[in-house]
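Biologist: Could you take me through this model?
Modeller: Certainly; please ask about whatever you wish.

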Amino acid sequence: MDFRFDIIWDYAPLLLRGTLYTIWISIASILLGSIFGLGVSLGKMSRYWFLRWPMQSYINFFRGTPLLVQIFIVHFGLIPLIYGKTNAIIAAVVALSLNSAAYSAEIYRAGILSIDKGQMEAAQSLGMTHFQAMRFIVLPQAIRRMIPAFGNEFIQLLKDSSLLALITVPEIMYWGNAMKNQYIRIWEPYMAAAVIYFILTYTLNKVLVAIERKVS
Amino acid sequence: MKKWYVSAIVTLVAMLILAGCGAKKSENTGIENAGSAAGNSSDATTYMFASDASYAPMEYMDKDELKGFDVDFLDEVMKQAGLKYELHNVAWDAMLESVKQGKEYQAGISSISITDDRKQTYDFSMPYFESTNVIMVKEDSDIKSATDLKGKKVAVQGGTTADILMTKIMGEGNTDLKKFDSNAVALLELDQGGADAVVADIAIVRDYVKNNPGKKLKSIADSTNFNSEYYGLAFPKGSELKAKLDPAIKAIIENGKYAEIYKKWFGEEPNTANLK
């Protein structure tokens, strides 16, 4: 099989720029998503139905529909609706964050429920409010247990960000597609992209293992 | 127990269902043609053609049926050559790779412009269609030519010659040039204000402007910056099919069949002087 390294070399600077886009969009989305997800999660576990129902629907929608569909809806529907016209980068971060929030919410819920009920009761019996008990007793313990799950979510998000090429966010796959289209060849662009994604997720995995070790 | 009995039945049923689906699928997406009696009947092979049918009016799916200029054209060429064939709708990437290998599909017809880069990987038929790119903008736009597009946001379908031309004008790696997966999505981007202009093949743009009068669009031709380009059938390197089809293409251009199809799809006479 002929494999042309020269065309990968040609596109290397663009692939590198694309990699930086992939990284910062993934980081921004996982951060925004996990902040927003905490709210969604607490809403879902709330005593009040008017908080619980919308958050439950939110999670159902974002976990139950394909991310690609969500990206298109946000890019061609939601962003023009709010902002007047569409913008691929904003749409990218919004779509990934909204999607990630739904998954993060379930991670928080699982983490919080894994903490024994007695802890909350004990904290409240000491005179803490529900909020204080959550903030100082339950969440700090729960978050430690959530780290592996969040690591998975981050890796998933990083890989899923390749879908953003379809709304022309100039990330790795976008330049991979450009390379593919210029030479109409399949192997070189997709192998190059695969190698870059692999390096990113592998490094991320190592970092996560190190963090886990440190925390526990 | 009689587990083998149960699993045998399950396997059989599964196979029948799969076979049923398989048969149905090829019925739905394929166009089959027995070839005309006039041609040589010694070649009994059924040639497999692939097309990415997302390029109205050149090739598109009308429900589950392949239609378009290329589809009619290929039918006429194969009749002329007296060869049996099937045409299938295959996504662009898959089409390229399988045509390159030449095993599953022996040729691709999908408004594929002939370029030097592509000639390194494929053999092309003689050119069968002359096209040019045009610019589509909203009616109130002040863009008048391709050079006005510098510094604007431009949407194209990635990999088309519009992409190649605009990359040259706007510079490689310029993210103001947005390369979409299909023209349909690029047009949507213009609609939603994410781009100031779309550059695409004249047939596509005219078709879209005509079918969307409410969107207040206009098309701008720019013959100084946009040269003519030519579509060809793509074959794997060293394919024998090229030698069989080139004379057939030539024949239907000369006998007027080509003009007939052209008029059906574009409502005007073709200029075939450059197709050689």
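Biologist: What pattern does chain A follow, read along the sequence?
Modeller: In this predicted model, chain A reads α-α-α-α-α-α-α-α along the sequence. That is 8 helices and 0 strands, where helices (H or I, at least four residues) and strands (E, at least two) are DSSP runs numbered from the N terminus.

Biologist: What are the ground rules here?
Modeller: The model is predicted, so local features need pLDDT of at least 70 and side-chain atom pairs pLDDT 80 or more, while totals for chains, interfaces and linings use all residues. Residues are numbered from 1 along each chain as its sequence is written, chains are lettered from A and ligands numbered from 1 in the order written, and side-chain values use heavy atoms, with hydrogens and water left out.

Biologist: What box do the C-alpha atoms of chain A fill?
Modeller: Roughly 70 × 45 × 25 Å, along the principal axes.

Biologist: Now the interface. How many residues does the contact take from each chain?
Modeller: Chain A gives 26 residues and chain B gives 26 residues, contact meaning heavy atoms within 4.5 Å.

Biologist: Which three residues of chain A supply the most buried area there?
Modeller: The area buried between chains A and B is about 2400 Å², counted as the accessible area (1.4 Å probe) that two parts lose on being put together, summed over both. Of the share that chain A buries against chain B, A:Phe76, A:Asn181 and A:Ile184 supply 28%, more than any other three residues.

Biologist: And how many salt bridges are found across it?
Modeller: The rule finds 1, requiring a side-chain nitrogen of Lys or Arg within 4 Å of a carboxyl oxygen of Asp or Glu. A:Lys180 pairs with B:Asp93, and their closest N and O atoms are 2.8 Å apart.
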